[in-house]
Amino acid sequence: MKTIKTFGKTFGLATLLSATAFAGAEAHVSFLDRQATQDSTILATLQVPHGCDGKSTTEVRVKLPEGFVFAKPQPKPGWELEVIRGDYQKSYDNHGDKVKTGAVEIRWKNGNLSDDFYDTFVIQGKVSGVEAGTSLAFPVTQMCGDAVEAWDQVAKDGGDPHGLKSPAPLLKIVAGEGHGHDHDDMAGMDMTDKTGMDMAGMTAAASAGETINTGDLEISGGFAKAMLPGQPVGGGFFTVRNNGKTDDRLVSVSSPASGEVQIHEMVTKDNVMRMRQLKEGLAIAAGQMVKLEPGNLHLMFQKVKTPFKQGDTVPVTLTFEKAGKVDLVLQVLSAQGK
C-alpha cells in the first residue's frame with residue numbers, strides 16, 4: 001500500500017486523494033514506453049506526473065531489477081546524481097567479460113519539480129537474460145521534502161496491476177526478431193578499464209582531436225559524445241598537461257552550441273557514485289596531466305541548441321586562470337565515444 005509520511009504523521013489514502021489535484025489511471029509514476037525487446041539496450045523513461053500531496057518533488061529513487069544491467073542514468077540540470085552499485089544475482093556477458101556488479105539503484109537528488117509540472121527521468125540500460133512475457137518492476141520512491149510516496153506494489157501471480165493503489169512501474173519484455181545482439185547494444189556497455197578510463201573513447205579521441213599549445217599548457221584528445229534521442233545534455237572530454245612550474249586552473253568553459261557548459265566530476269565512494277559541479281573550476285597542477293574522460297571529470301553541455309551528431313564538431317572556449325582563453329574544437333564521436 002502506498003504511504004505518504006510527513007514527519008511522524010501518516011494520513012489516510014482517501015483523505016490525501018481528495019486533497020490532491022491529480023486523478024485518473026495515469027496519476028502514478030510509469031514508463032513512457034512500457035515494452036522492451038529481449039537482449040536490447042533501451043532508454044527506460046520514467047514519467048513523474050505530480051508531486052506529493054501538492055508538494056514539489058525533490059528526489060526520485062529508482063531500484064533496478066535483476067536483468068536490467070549496465071545501467072547509466074541521464075543527468076538532469078539542477079539535480080544531483082547518485083548511482084548505487086552492488087552485486088548482480090548472476091554474471092552478465094559484456095563482450096566476453098563476465099560482469100557481476102553494476103548499478104542497482106539510481107537517485108536524482110536536491111531538485112525542484114513543482115506539482116504543477118511533469119518531467120521524465122531516463123536510465124539507459126540493457127535487458128539481458130529475461131524471458132519474453134516477463135514484466136520487470138522498477139520500484140520508485142518519490143520524495144517531496146518531508147513527504148514520501150512509494151510506488152512499489154507488484155501484482156502477484158500475474159494479477160492485474162491496475163487494481164493496485166501504488167503500482168511500481170513495469171517494463172514488459174517481448175521477443176525480438178532474431179533474438180540477438182546488434183551494434184546498438186554497445187550503448188549500454190561499460191567500456192571502462194579497471195582505472196575507470198573509457199579505452200575505446202580515448203583511443204579514438206587521440207586521433208580525432210587537435211593538439212593545442214598555449215603558454216605552459218598542452219591540450220589534446222578533445223571529443224564529445226553524440227547525444228541519444230531525448231537526451232537534454234551532452235558530454236565533452238579532453239586532456240590538458242601543465243608543462244610549466246606554476247599551477248593553473250580551468251575556471252570556466254563556454255560554447256555557442258549550448259546555453260551553459262559546466263565542469264563536473266564523478267566520484268565513487270562506498271559503492272555510491274556522485275556527480276557534482278566544480279564551481280571553483282579545475283586545478284591543473286604544475287608538471288601534471290589532467291584527463292577529462294567518461295565516468296570521471298567531464299564537461300556537461302546544458303541547454304544544447306542542436307543535439308550533437310556523430311561527425312559534427314563542437315567549438316568551446318576554455319578560460320584558464322593564467323593561460324587565458326583557448327579555443328578548442330571537439331570532434332563528435334558516437335554515443336559510446338568511439
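Where is Ser 255 found? Ser 255 sits in the loop that links strand S18 (248–254) to strand S19 (258–269); helices (H or I, at least four residues) and strands (E, at least two) are DSSP runs, numbered from the N terminus. The model is a predicted one, in which local features need pLDDT of at least 70 and side-chain atom pairs count only at pLDDT 80 or more, while totals for chains, interfaces and linings use all residues. Residues are numbered from 1 along each chain as its sequence is written, and side-chain values use heavy atoms, with hydrogens and water left out.

Back to the loop. Ser 255 counts as buried because its relative accessibility is 8%, where buried means under 20% relative accessible area, exposed means over 50%, and partly exposed is in between (1.4 Å probe, protein chains only). Its side chain makes polar contacts with backbone atoms: the nitrogen of Ala 257 at 3.1 Å and the oxygen of Pro 315 at 2.6 Å. A polar contact here is a pair of N or O atoms within 3.5 Å; within protein, one must be able to donate a hydrogen and the other to accept it, and residues adjacent in sequence count only if both atoms are side-chain atoms. With neighbours within four places in sequence set aside, Ser 255 is in contact (heavy atoms within 4.5 Å) with Val 261, Phe 301, Val 314, Pro 315 and Val 316.

Gln 288 is another loop residue, placed between strand S21 (282–284) and strand S22 (289–292). At 45% relative accessibility, Gln 288 counts as partly exposed. Val 240 is 48 residues away from Gln 288 in sequence, yet the C-alpha to C-alpha distance is 8.6 Å. Not counting residues up to four places away in sequence, Gln 288 touches Val 240, Arg 241 and Asn 242.

Now for the nonpolar cores. In soluble globular proteins, nonpolar side chains tend to be buried together. A nonpolar core is taken as a set of buried Ala, Val, Leu, Ile, Met, Phe, Trp, Tyr and Cys residues joined through side-chain atoms within 4.5 Å. The largest one has 34 residues, and the members that touch the most others are Val 62, Leu 64, Phe 68, Ile 106, Trp 108, Ile 123 and Phe 138. Strands that each supply at least two residues of this core include S6 (59–63), S7 (68–73), S9 (97–109) and S10 (119–127). The largest share, four residues, comes from S5. A second, separate core holds 31 residues, among them Leu 250, Ala 257, Ile 263 and Val 304. Returning to the largest core, Ile 106 is in contact with Val 60, Arg 61, Val 62, Leu 64, Pro 73, Leu 81, Glu 82, Val 83 and Ile 123, leaving aside neighbours within four places in sequence.

S5 itself is mostly covered, with seven of its eight residues buried. This strand belongs to an open sheet of four strands, ordered S3-S5-S10-S7 with antiparallel pairing; two strands pair if DSSP finds at least two bridges between them. S3 and S7 are the edge strands, each pairing on one side only. Between S3 (residues 30–31) and S5 there are two bridges, in the antiparallel sense, and Ser 30 stands opposite Gln 47. S5 and S10 run antiparallel and are joined by eight bridges. Two of the bridge partners in S10 can be picked out: Ile 123 for Ala 44, and Asp 119 for Val 48.

A further open sheet has three strands in the order S4-S14-S11, with mixed pairing. Its edge strands are S4 (35–37) and S11 (135–137), each pairing on one side only. From one strand to the next, the twist averages 35° (axes are lines fitted to C-alpha atoms, for helices over the stretch in contact, and angles run from 0 to 180 degrees between N-to-C directions). S11 and S14 run antiparallel, joined by three bridges, and Leu 136 has Leu 171 of S14 as its bridge partner.

Finally, the cysteines. A search of the whole structure turns up one disulfide, defined as a pair of cysteine sulfur atoms within 2.5 Å. The bond joins Cys 52 to Cys 144, with an S to S distance of 2.1 Å. The link of Cys 52 and Cys 144 is right-handed, with 65° about the S-S bond. Cys 52 lies in the loop between S5 and S6 and Cys 144 in strand S12 (residues 140–144), so the disulfide ties together parts that are 92 residues apart in sequence. Cys 52 counts as buried, at 0% relative accessibility, and Cys 144 also counts as buried, at 3%.
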